[in-house]
Amino acid sequence: MVAEAPEPGKLSAILFTGIEGPDGLSWRDESLQNDLRDEHALLVRELLPRHGGREVKRLEDGFLLEFEGGPAAVDFGLELQRALEARNGDVSAERRVVLRVGVHLGLVVHRDGEVFGEGVNLAARIEALARPGTLYVSETVARQVEGRLASPPVRLGRGEMKNIRLPVAVYRIDPPEHRRRVPLLSRMRSFLGLRSAAY
């Protein structure tokens, strides 16, 4: 019997979004929860074509998206967070859509319109770590965008992630407006806390 050849991989930037419920308020109301998910979806689909991204899958509380490279994914993520910040300024606390965003550049396998592989798994792990309102990215993405941003990516530390073979360095990227508004002491506390966090 001839062994099947492994499926060829492609280098892609994978971006996950996930809605962070404001203190659990919105999740007590299923109708409101669905409204917030739909608003998130409309905004993602409006912005995605501007950055050459592809919607791979809509998830329960977010999206799995694919981009040609890290810069396009980061530009999309920053524009999405800025648009949500502007929107959230005009609504009550329970109607705010607050997102975690995680990005990784790695090899993925395409099959039946979906993507698979460690690159996808790692992006999902990074999104789960992300502080709402920011982007968390892997070191490969941080290297691609350094020098293109108003503020450089902030290294949060290196750790092991479930089902990932090697330790991974994670960086935070703040939208410029967000970074100016967060006091220096708060940024330092976040940095020190996440350096010691288990991935």
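**Warm-up.** Is Phe76 buried or exposed? Phe76 counts as buried, with a relative accessibility of 0%. Keep this residue in mind, and remember as you work that the model is predicted.

**Exercise 1. Describe the overall build of the protein chain.**

*Step 1.* Start with the elements: the protein chain has six helices and eight strands.

*Step 2.* Now put them in order. Read from the N terminus, the pattern is β-α-β-β-α-β-β-α-β-α-β-β-α-α.

*Step 3.* Turn to burial. The protein chain has 199 residues, and 46% of them count as buried.

*Step 4.* Finish with the contacts. Take those between residues at least 6 apart in sequence: 70% of them join residues at least 24 apart. One pair shows how sequence and space can be set side by side: Leu32 and Glu94 are 62 residues apart in sequence, and their C-alpha atoms are 8.7 Å apart in space. Leu32 belongs to helix H1 (residues 30-47) and is buried, at 5% relative accessible area.

**Exercise 2. Check the length of helix H2 and find its buried residues.**

*Step 1.* Helix H2 covers residues 70-88, which makes 19 residues.

*Step 2.* An ideal rise of 1.5 Å a residue leads us to expect 27 Å, and the distance from the first C-alpha to the last is 27 Å, close to that expectation.

*Step 3.* Now look at which residues are hidden. The buried residues of H2 include Ala73, Val74, Phe76, Gly77, Leu80, Leu84 and Asn88.

*Step 4.* Here is an idea to hold against that list: an α-helix has 3.6 residues a turn, so residues three or four places apart point the same way. Try it on Ala73, Gly77 and Leu80, which are among the buried residues of H2.

**Exercise 3. Find the largest nonpolar core and say what builds it.**

*Step 1.* The largest nonpolar core has 33 residues, and Val74, Phe76 and Val137 have the most contacts inside it.

*Step 2.* Several elements give two or more residues to this core; among them are strand E1 (10-20), H1, H2, strand E4 (98-111) and strand E8 (168-173).

*Step 3.* A general trend helps here: in soluble globular proteins, nonpolar side chains tend to be buried together.

*Step 4.* Zoom in on Phe76. Setting aside residues up to four places away in sequence, Phe76 touches Leu15, Val44, Leu47, Leu48, His51, Leu65 and Phe67.

**Exercise 4. How many aromatic pairs are there, and what is their geometry?**

*Step 1.* The count comes to one aromatic pair.

*Step 2.* Its members are Phe67 and Phe76, with ring centres 5.4 Å apart and planes at 40°, so the pair is tilted.

*Step 3.* Phe67 is buried, with a relative accessible area of 2%, and Phe76 is buried too, at 0%.

**Exercise 5. Which side chain makes a polar contact with the side chain of Glu79?**

*Step 1.* Glu79 sits in helix H2, and its side chain makes a polar contact of 2.5 Å with the side chain of His51.

*Step 2.* Where is His51? His51 lies in the loop between H1 and strand E2 (54-58).

*Step 3.* Is His51 buried or exposed? At 17% relative accessibility, His51 counts as buried, because the cut-off is under 20%.

*Step 4.* List the neighbours, leaving aside those within four places in sequence. His51 is in contact with Phe67, Ala72, Asp75, Phe76 and Glu79, while Glu79 is in contact with Leu47, Arg50 and His51.

**Exercise 6. Compare three salt bridges.**

*Step 1.* The structure holds 17 salt bridges. As a reminder, side chains of opposite charge can pair when their charged atoms come close.

*Step 2.* Glu46 pairs with Arg50, with the closest N and O atoms 3.5 Å apart. Glu46 is partly exposed at 47%, and Arg50 is exposed at 53%.

*Step 3.* Asp75 and Arg148 meet in a salt bridge, 3.3 Å from N to O. Asp75 lies in helix H2 and Arg148 in the loop between helix H4 (139-145) and strand E7 (154-159), so the pair ties together parts that are 73 residues apart in sequence. Asp75 is partly exposed at 26%, and Arg148 is partly exposed at 45%.

*Step 4.* Asp174 and Arg172 form a salt bridge of 3.1 Å, N to O. Both Asp174 and Arg172 are buried.

*Extra.* For a network of salt bridges, look at Glu20, Arg100 and Glu127, which are linked in this way.

How values were computed:
Residues numbered from 1 in each chain as written. Predicted model: local features only at pLDDT ≥ 70, side-chain atom pairs only at ≥ 80, totals over all residues. Heavy atoms only, no water. Helix = DSSP H or I, 4+ residues; strand = E, 2+ residues; numbered from the N terminus. Expected span 1.5 Å × (residues − 1). Buried < 20%, exposed > 50% of the residue type's maximum accessible area, 1.4 Å probe, protein only. Salt bridge = Lys/Arg side-chain N within 4 Å of Asp/Glu carboxyl O. Core = buried A, V, L, I, M, F, W, Y, C linked by side-chain atoms within 4.5 Å. Contact = heavy atoms within 4.5 Å. Polar contact = N/O pair within 3.5 Å; in protein donor to acceptor, adjacent residues only side chain to side chain. Phe/Tyr/Trp six-rings, centres within 6.5 Å; stacked < 30°, edge-to-face > 60°.
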